[in-house]
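Hello,

Here is the structure I promised to pass on. Please have it open beside this email, and my notes on what turned up follow below.

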Protein chains: 2
Amino acid sequence: MSLLVVGSMAFDSIKSPFGEVERVIGGSATYFSLAASCLSPVRLVSVVGRDFPKKTIEMLSSRGIDLEGLKVADGETFHWKGYYEYDLNTAHTVRTDLNVFRDFAPSLPAAWRETPYVFLGNIDPRLQLDILAQVRNPRVVALDTMNFWIGKSPQLLREVIRNVDIVIINEAEIRELTAEFNLVKAARKLMNMGPGRVVVKRGEYGVLQMADGEVFAAPAYPLETIYDPTGAGDSFAGGFMGYLASRGRAALTEMDYRLATMYGSAIASFTVEAFSTERLQGLSLEDISMRLSAFRSLTEFRV
Amino acid sequence: MSLLVVGSMAFDSIKSPFGEVERVIGGSATYFSLAASCLSPVRLVSVVGRDFPKKTIEMLSSRGIDLEGLKVADGETFHWKGYYEYDLNTAHTVRTDLNVFRDFAPSLPAAWRETPYVFLGNIDPRLQLDILAQVRNPRVVALDTMNFWIGKSPQLLREVIRNVDIVIINEAEIRELTAEFNLVKAARKLMNMGPGRVVVKRGEYGVLQMADGEVFAAPAYPLETIYDPTGAGDSFAGGFMGYLASRGRAALTEMDYRLATMYGSAIASFTVEAFSTERLQGLSLEDISMRLSAFRSLTEFRV
C-alpha cells in the first residue's frame, strides 16, 4: 500500500572524523523516501529550490518515488551545515538556511488524500497539522520531531502527537519532551498523550520500541566503518514505515512492528556506511535481506 | 565446576537521585560471588577488616560461597564513596579508602590451585598476575579492569591481558585501553593482545560480545525503577562466569557464551533494582529463569 511522507529535502555540508563533504544531497524526506522505496510505493511531499539537481530528482523517480507532491520553488534549497565528533550519536549544527523551506505550505495532490500510511517528518508541527487535516482516514500515522520543536512549539506539537499512532523519536528528545529520564516511564507518559506505540532511536545502541504491554529491543548493527550518521534516523523510519505499508491489508501484529523495526535498522545500517544518500541509492532487497540475517545471528540465543 | 574469584569486598556509601545509603555491603568480589553462586560453586579470595559484619560473611557462606580464601585482617574494610546523577551509566568517585586492601597479598588455599574457572576482578594487575601464577591449567580465565589501572599500570595490565581468555570491560574503558573509538575495531585490537573473546559492558544499553567471527548483542532489561547501578557489572560477570562453570565438562560453544551473557544480564537486572546486594541475596533460579524468558520476548523477531 502507498506511503506518504512530508519532510525536508536539503543540501548538507558535513564534517566528521572520517571526511568532509560540501552541499551533498540530504533532508529527512529524501532519506526516508529512498529507504521506504525499497519496500513500498512512496509519495513525497516537500519543496526544493531551482538549484536542486535534476539528476537527483530523476534518481528518486527511478526508485518508484512519486514526486507529484514535490514543489520546485524560486530560490535556494534548504541547507544544513553540521559536524560530528567521535561520538557519532550527536550532530552539532553550525548553521541552518531554511531558504525555500521558510514559506513551505504543503498541499496534497487530490489523489493522495486517501493514502493509508503517513509519515510526518521532522518539520514545524504547524505543517504536520496541515497535512493531517488533508488526509482522510489514514491507517497508520507516524511522527518524528526534534528538540527544536519541543522547545519552540510545545502546544502545537502536543496537538500533533494526540493525533498520531506512532511516535519515532530520539532518546534525548523523548526525555526532554516528557521531562522523564527513565525511558520506560517516558514512553508510558508519551503514550498517555495519544499514540499507541513509541519507537525510541538510540543511535549506535539501536532501538527500543514500546506499546501497551510490549517492549522490543533491537541493537544497531555493529559496523566497523561509520562514515556519516546523517540520515540514519530518517532511513530507519523509512524502512520501518515501508515495511508496514508493504503488509497490504493484513491486520498489523506486534511481530509486524518488530520486523518493521528490523527492516528500519537494516536499512539505516547501510546509510551510515557512506556520506549522503550514496549507499541507499543502489540498495537492493537482497542487500537488506542479507543484513536482516546478520541481525538475526547477532541477537540469537536459545534458553 | 568450581569458579574462583579474586576481587574487592567493601563498604559503599552511595548517593543517587533515588536515595542515599551509608556503608552498605559492596565490592566487586561480593557482587560477583553472590551472582555466580546462583549457578555454580564459588571460591572467594579477598580481604576484609575486623569491622566487616559477621552476618554478611554467614550470608555469603549460606549461599554456597567457599570463604577459605577470605582473609580477615587487622584494620578497616575497603570503603568506596560515590554518587550517580540521572545518567546512571557513570559512577562518580568521591573517595576511595583502600584500608586493609592496601597490603592485600592474595594467596590461594592449596586445594584451590586447580580451580577450572577463574575470574580476576577489577584490582591491581600485580595482584591479578599473582593469582595467575598460583593457578594450574585453568580452563577459562576472565578479567575485568578499569580506567585507573589502564592509566596507572599499562604494562602490567597488558601482561595479564596476554594470559587470559576473556576480557569483560566497560565501553569507555575498552576505548581508552585500545585508543580506538569504534567498538568492533577496539575489540579486534584487544583480541590481538591475547584473549579470544571480549565482552563489552554498555550499562543500560546492554552488552556487545565479540570473538573470532562472532558478534552477539544483548540489550539490558528496560527497567522502570533503577535504584543503584553499583555492582551491575560485577553481577553480570558473576552470572556470565557462573553459567560457564555450570556447563561441567562439556566443550563450550558460542551458544554457551551467548547464554552466559543472558544469565549475566538477567542477574545484573536484579542487582540494580535495590541498593547494595539486597536483591541478590534472596535471588532464586526461578527468578532468573523468569527474567530470561522476559529477555527472550524482549529480543525476539521472526524474519
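Is the crossing of α9(A) and α11(A) left-handed or right-handed? Before you turn the view to check, please keep in mind that this is a predicted model.

The answer is that α9(A) and α11(A) cross in the right-handed sense. To find the pair, look for residues 254-271 of chain A, which form α9, and residues 285-299 of chain A, which form α11. Their axes lie 9 Å apart, at an angle of about 110°. An angle from 65 to 115 degrees counts as roughly perpendicular, so α9(A) is roughly perpendicular to α11(A). From α9(A), the residues that take part are Met262(A), Tyr263(A), Ser265(A), Ala266(A), Ile267(A), Ser269(A) and Phe270(A). They meet Asp287(A), Ile288(A), Arg291(A), Leu292(A) and Phe295(A) of α11(A). Sorted by class, this contact holds 8 nonpolar, 2 polar and 2 charged residues.

Now for chain A as a whole. Its secondary structure consists of 11 helices and 13 strands. Along the principal axes, the C-alpha atoms fill a box of roughly 60 × 40 × 35 Å. The radius of gyration of chain A is 18 Å, which agrees with the value near 19 Å that a compact globule of 303 residues would have.

Next, how the two chains sit together. Chain B can be superposed on chain A by a rotation of 180° with 0.0 Å of shift along the axis, at an RMSD of 0.0 Å. The two copies are therefore related as by a two-fold rotation axis. If you would like a landmark in chain B, take Tyr205(B): its C-alpha is the one nearest the axis, 3.1 Å from it.

The contact between the chains draws 27 residues from chain A and 27 residues from chain B. On the chain B side, α7 (183-192), β13 (214-218), α9 (254-271) and α11 (285-299) each supply at least two of the residues that touch chain A. That side of chain B has 19 nonpolar, 2 polar and 6 charged residues. The copies meet through the same surface, because 100% of the interface residues of chain B are interface residues in chain A too.

Two helix pairs in chain B are also worth a look.

The first is α3 (residues 125-134) with α5 (residues 154-162), both of chain B, whose axes are 9 Å apart at an angle of about 30°. Angles under 35 degrees count as roughly parallel, so that term applies to α3(B) and α5(B). The crossing of α3(B) past α5(B) is left-handed. Pro125(B), Arg126(B), Gln128(B), Leu129(B) and Leu132(B) make the contact from α3(B), with Leu156(B), Leu157(B), Glu159(B) and Val160(B) from α5(B). These residues divide into 6 nonpolar, 1 polar and 2 charged.

The second is α6 (residues 171-178) of chain B with α7(B), where the axes come within 9 Å and cross at roughly 60°. This makes α6(B) oblique to α7(B). Here too the crossing is left-handed. Glu171(B), Ile174(B), Arg175(B), Leu177(B) and Thr178(B) of α6(B) meet Leu183(B), Ala186(B), Ala187(B), Lys189(B) and Leu190(B) of α7(B). By class, that contact has 6 nonpolar, 1 polar and 3 charged residues. You have met α7(B) already, among the elements on the side of chain B that touches chain A.

Best wishes

Technical notes. Residues are numbered from 1 along each chain as its sequence is written. Chains are lettered from A and ligands numbered from 1 in the order in which they are written. This is a predicted model: local features need pLDDT of at least 70, side-chain atom pairs count only at pLDDT 80 or more; totals for chains, interfaces and linings use all residues. Two residues are in contact if their C-beta atoms, placed from the backbone, lie within 7 Å. Helices (H or I, at least four residues) and strands (E, at least two) are DSSP runs, numbered from the N terminus. Ala, Val, Leu, Ile, Met, Phe, Trp, Tyr, Cys and Pro count as nonpolar, Asp, Glu, Lys and Arg as charged, and the others, Gly among them, as polar. Copies are superposed by least squares on the C-alpha atoms of residues with pLDDT of at least 70 in both. Axes are lines fitted to C-alpha atoms, for helices over the stretch in contact, and angles run from 0 to 180 degrees between N-to-C directions. Angles under 35 degrees count as roughly parallel, over 145 as roughly antiparallel, 65 to 115 as roughly perpendicular and the rest as oblique. A crossing is left-handed if the near helix is turned anticlockwise from the far one by less than a right angle, and right-handed if clockwise. The radius of gyration is taken over C-alpha atoms; the globule rule is 2.2 Å times the number of residues to the power 0.38.
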